[in-house]
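Student: I would like to go through this model with you. Can we start with the ligand shell?

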Amino acid sequence: MQDILKYNLLFDALERGFALFSQSSCGQEASAGFIDQPVRTCVTIPSKGFFGCMPVYIEAEDLLVSKLVTAFPKNKDIPSHNAIVAVFDASCGVPRALLDGDIITTRRTAAASAVATKHLVNGEPKVLAILGCGVQGTSHYDALTAMFQLEKSGSARSNVRVDDG
Ligand SMILES: NC(=O)C1=CN([C@@H]2O[C@H](COP(=O)(O)OP(=O)(O)OC[C@H]3O[C@@H](n4cnc5c(N)ncnc54)[C@H](O)[C@@H]3O)[C@@H](O)[C@H]2O)C=CC1
Ligand SMILES: O=C([O-])C1=[NH+]CCC1
């Protein structure tokens, strides 16, 4: 998964996916293809975390996909977020693949931030500050430095990767 999910490929795929989702949400099903993606459903594990289910139907790909993700922020020696992604054939409902969701979550989330920043930023960004430096802090550093020519970047926390250059 690490070898497949390169940031530059992800940026393009996410841009296409977000456009498709927006068009479908605006009722432009005919051109873009229908997408049904309800808001994530979460089960709470009191004082521990949550378990989220994130299903989608993508007509253009003829796929049914759901990520299943747990978030246990107090985990110490194991990751706080863990996920799998299940893929089904939408023409017949047969399961086609079960993917590790950890790298997908790590990189998709950061790549989505980078794509959003590209569209929302005023001018060319030069400075990046990241608060917190866990999995997402690191992947956001990787994604945003892959997207932009930054002059200065860094993160605030004692266990951090600070890069100033
Ligand atoms: N929208 C999405 O698709 C996703 C959202 N997330 C969210 O992103 C956040 C980060 O997730 P991960 O990086 O995977 O978690 P992580 O557990 O790997 O990292 C969290 C980091 O925050 C640091 N931290 C905690 N309190 C802090 C504070 N007060 N000041 C500075 N740093 C602090 C911790 O030391 C740790 O390094 C979580 O809220 C998570 O739920 C994560 C994955 C996907
Ligand atoms: O979309 C996601 O994968 C998550 N959102 C918050 C925790 C994990």
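Tutor: Yes. Keep in mind that the model is predicted. The largest share of the shell around ligand 1 comes from α4, which gives three residues.

Student: What makes a residue part of the shell around ligand 1, and how many are there?

Tutor: The C-beta atom, placed from the backbone, must lie within 6 Å of the ligand. For ligand 1, 14 residues surround it. The closest are S80, G132, G134, V135 and Q136.

Student: Which helices each supply at least two residues of that shell?

Tutor: α3, residues 102–120, and α4.

Student: How do the shell residues divide into nonpolar, polar and charged?

Tutor: Four are nonpolar, nine polar and one charged. Gly counts as polar here.

Student: Where is Y141 found?

Tutor: In helix α4, which covers residues 135–147.

Student: Why does Y141 count as buried?

Tutor: The cut-off is 20 or more other C-beta atoms within 10 Å. Y141 has 22 C-beta neighbours inside 10 Å, so Y141 counts as buried.

Student: What separates the C-alpha atoms of Y141 and A110?

Tutor: 8.2 Å, with the two residues 31 apart along the chain.

Student: What is the predictor's confidence in the chain?

Tutor: The average pLDDT is 91, and 91% of the residues score at least 70. The model scores ipTM 0.97 and pTM 0.91.

Student: Where does pLDDT stay under 50?

Tutor: Over residues 158–162. For that stretch the model has nine contacts beyond four places in sequence.

Methods
Residues are numbered from 1 along each chain as its sequence is written. Chains are lettered from A and ligands numbered from 1 in the order in which they are written. This is a predicted model: local features need pLDDT of at least 70, side-chain atom pairs count only at pLDDT 80 or more; totals for chains, interfaces and linings use all residues. Helices (H or I, at least four residues) and strands (E, at least two) are DSSP runs, numbered from the N terminus. A residue is buried if 20 or more other C-beta atoms lie within 10 Å of its own, exposed if 12 or fewer, and partly exposed in between; C-beta atoms are placed from the backbone. pLDDT is the predictor's confidence in each residue, from 0 to 100. Two residues are in contact if their C-beta atoms, placed from the backbone, lie within 7 Å.
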